[in-house]
Amino acid sequence: MKKQNVRTISLIVCTFTYLLVGAAVFDALESETEKKRWDALQAVERMVIKRYNITEEDFKVMETVVLKSEPHKAGQQWKFTGAFYYATTVLTTIGYGHSTPTTIGGKLFTMCYAFVGIPLGLVMFQSIGERVNRLSSYVIKTVKTSLHCHNTSASEVNLICVVTTLSSLTIAGGAAAFSKFEGWSYFDSVYYCFITLTTIGFGDMVALQKDNALNRKPEYVMFALIFILFGLAIVAASLNLLVLRFVTMNTEDERRDEAQAMQALQVAVRLEG
């Protein structure tokens, strides 16, 4: 079997093994806490029903009203600023879920908008990532030259180290700002920045959802949008280098196999002659 086929099968096996290990770890870390929270909420529900002498149906209605009114506490989500924020999460595939269209026209336009916008965003981030990598390569060469290194070229490992460091600094700096503006702990802010810039976007923590920030704090809105777009470009550059490294390894194996096949063919022709 060819080496690239073996590598592909190995990657599939490793990925599914990684998923199984992740599921086991998350089960161990979160399942007990989830059960305790559910039991606590059930106890509160029973207490409220008993204290205020309401039926379970009325409680469900109150629960629905509270859940449906939660997004409106952050202010209007569909004025231009909020709509721009939503469009950014669609184009970048973050998809927090903090606001979602309710009209048929809004849902239809979201699908069409994403169909065009997501490829456009990927190409843009890819292009910016290439520029970042090129700039990093120039800086590495300059530093090596000033240090009188024998080899002044920027290797893939050098680039990965530089861009990964830049990504870490971006997350660390963004976390400090969001911790101040949102009142989150620094760890939660780092978690939010990482989830955002890797486009996972769970939606459990979303910026600009307090004190009508979308309409009252334009400077904070501007910072959040710039952070998302700039940070995604930096992280994309880092991930592109890692993916490129694996693709290059696979291509090298294919070329080596082709060269060996050609060599074997030449030997066979020589023997037949």
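## Cysteines, cores and a cavity

At 33% relative accessibility, Cys149 is partly exposed, because that class lies between under 20% for buried and over 50% for exposed. The model is a predicted one. Cys161 is partly exposed too, as the table shows.

| Residue | Relative accessible area | Class |
|---|---|---|
| Cys149 | 33% | partly exposed |
| Cys161 | 47% | partly exposed |

The disulfide count is zero.

Now the interior. In soluble globular proteins, nonpolar side chains tend to be buried together. Here the largest nonpolar core has 27 residues. Tyr85, Phe178, Tyr192, Ala207 and Leu208 have the most contacts inside this core. Helices H5 (156-182), H6 (186-197), H7 (213-216) and H8 (218-272) each give two or more residues to the core. H8 gives the most, with 10 residues. Another core lies apart from this one. That second core has eight residues, including Val132, Ile140, Ile234 and Leu241.

Leu208 deserves a closer look. Leaving aside neighbours within four places in sequence, Leu208 is in contact with Tyr85, Glu182, Ala213, Leu214, Tyr220, Val221 and Ala224. Leu208 also helps line the largest cavity.

The structure holds one cavity of 30 Å³ or more. About 30 Å³ of space lies in the largest cavity. Its lining is made up of Phe181, Glu182, Leu208, Gln209, Lys210, Asp211, Ala213, Lys217 and Tyr220. By class, four of these lining residues are nonpolar, one is polar and four are charged.

Conventions: Residues are numbered from 1 along each chain as its sequence is written. This is a predicted model: local features need pLDDT of at least 70, side-chain atom pairs count only at pLDDT 80 or more; totals for chains, interfaces and linings use all residues. Side-chain values use heavy atoms; hydrogens and water are left out. On a 1 Å grid over the protein atoms alone, a cavity is a set of points where a 1.4 Å probe fits but cannot get out, and a pocket is an open set with protein on both sides within 12 Å along at least five of seven lines; lining residues have an atom within 4 Å of a point. Grid points are joined across faces, edges and corners, and a volume is the space filled by probe spheres set on the points. Ala, Val, Leu, Ile, Met, Phe, Trp, Tyr, Cys and Pro count as nonpolar, Asp, Glu, Lys and Arg as charged, and the others, Gly among them, as polar. A nonpolar core is a set of buried Ala, Val, Leu, Ile, Met, Phe, Trp, Tyr and Cys residues joined through side-chain atoms within 4.5 Å. Buried means under 20% relative accessible area, exposed over 50%, partly exposed in between (1.4 Å probe, protein chains only). Helices (H or I, at least four residues) and strands (E, at least two) are DSSP runs, numbered from the N terminus. Contact means heavy atoms within 4.5 Å. A disulfide is a pair of cysteine sulfur atoms within 2.5 Å.
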